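Here are some friendly notes to read alongside the model. Please keep the viewer open as you go through them.

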Amino acid sequence: MSRKAASNNPAEALKSIYRRAMIIREAEKTLQQLFVDGKVPGFLHLSIGQEAVASAVSEFLTSGDTVSSNHRGHGHTLAKGVDLTGFFAEILGRATGICGGRGGSMHVADLRLGMLGANGIVGAGLPITTGSALALKTRGKSEIAVVYFGDGALAEGLVHECLNIAKLWSLPVLFCCENNGWSEFSPTERQLAVKLKDLAGAFGIAYTEADGNDVLAMHEAARNVIGRMRTEGIPHILECRTTRVRGHYEGDKQDYRPDGEADEMLARDPLVIARRRLAEFGVPLGWMESAEAEVKATNAAALEAALAAPLPDVAGLLADVYTAGEAHHG
Ligand SMILES: Cc1ncc(C[n+]2csc(CCOP(=O)(O)OP(=O)(O)O)c2C)c(N)n1
Ligand SMILES: [Mg+2]
């Protein structure tokens, strides 16, 4: 999952993007079952159907680049290279989780890898990333800050504030919008008076649109956009059309979905499209099968280790809790 994997050879790059997407799919299928089994505390928002976006963007990221995310952040996190065992342990609330089991699904973060966190507040990843981009720019390197957010965030005031300041101060923010057409249980088109492309035009920010379910289109878009950002140090909006295959959260009855949407989404499954693309590039089926077997084995081992991990000790409950002045005694 490092930048070393990024290759000028498109077949090699597609293989690495496909492997990342498989890791995400396998991990989320595992979480889906753990949730049914009652082992996941809290809500679970799965990104099945959206894996190609972060998998392709991450192909062009270094460990010095930062990423922040939203409530549907598992894919963004794993694509940045976060350890799978620590990730599972976090979502299961275990002491060995990447945040000591305190964050859970909606707050996975790993600052060592520049993963600044998932976020339950819609739109809140944008100011975090804009600040991070300012820090990166001040240090004078060519690193960039990426924020993944949904179409449902676009009506939030702080999104507009961040677009404004990123343009004004020429900050290297990649605003990566995963447009799946839904904001919770409502079609986003009913909530937004403007298209993202027009917003980009209004702020004078460079804009690119891509099919977020096609690894090849995403590879090309991410390569061009990030390459340009590194040389020009400017913000860029990348809007990715994608599909939220599961409900808003696990347990959502989805009775608001129009007939036929499930079939349409199945036909756009990014993993199926990826296999087709790999075949077009001459990658043998045998490679795909062994990569899949390897991903499944790694996933199973990570899950086993996470399930064997202890729950946090109650004596450490107040560690990392900051108080001003005197400590409070319960
Ligand atoms: C500030 C804020 N307003 C409302 C909510 C409730 N809420 C949670 S997710 C969501 C919709 C998110 O849609 P989108 O950003 O498109 O992401 P998706 O779920 O489609 O991936 C809303 C309104 C919230 N968490 N935070
Ligand atoms: Mg959405």
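The numbered points below take up conventions, strands, one helix, the core and one residue.

1. This is a predicted model, in which local features need pLDDT of at least 70, side-chain atom pairs count only at pLDDT 80 or more, and totals for chains, interfaces and linings use all residues. Residues are numbered from 1 along each chain as its sequence is written, while chains are lettered from A and ligands numbered from 1 in the order in which they are written.

2. Do have a look at strand β8 (residues 236-241) to begin with. Because five of its six residues are buried, β8 is largely enclosed by the rest of the structure. Buried here means 20 or more other C-beta atoms within 10 Å of the residue's own, exposed means 12 or fewer, and partly exposed lies in between, with C-beta atoms placed from the backbone. Helices (H or I, at least four residues) and strands (E, at least two) are DSSP runs numbered from the N terminus.

3. Which strands pair with β8? Strand β4 (residues 173-179) does so in the parallel sense over six bridges, with Glu178 opposite Cys240. Strand β7 (residues 206-211) also pairs with β8 in the parallel sense over six bridges, and Thr208 has Leu238 as its bridge partner. The chain passes from β7 through helix α8 (residues 215-232) to β8 in a right-handed β-α-β crossover. Pairing requires at least two DSSP bridges between the strands; right-handed means that, with the strands pointing away from the viewer, the path from the first strand over the helix to the second runs clockwise.

4. Helix α6 (residues 157-168) has buried residues Val159, Cys162, Leu163 and Ala166. They cover an arc of only 100° around the axis, so they sit on the same side of α6; the arc is taken from the directions from the helix axis to the C-beta atoms. Exposed Gly157 and Leu168 are on the face turned away from that buried side. The cover over the buried residues includes α5 (125-139), β4 and α7 (196-203).

5. The largest nonpolar core has 84 residues, and helix α1 (residues 10-36) gives its largest share, 11 residues. Such a core joins buried Ala, Val, Leu, Ile, Met, Phe, Trp, Tyr and Cys residues through C-beta atoms within 7 Å. Met218 is among those with the most contacts inside it.

6. Finally, is Ala279 buried or exposed? Ala279, in helix α10 (residues 270-280), is exposed, with 12 other C-beta atoms within 10 Å.

Methods:
Contact = placed C-beta atoms within 7 Å.
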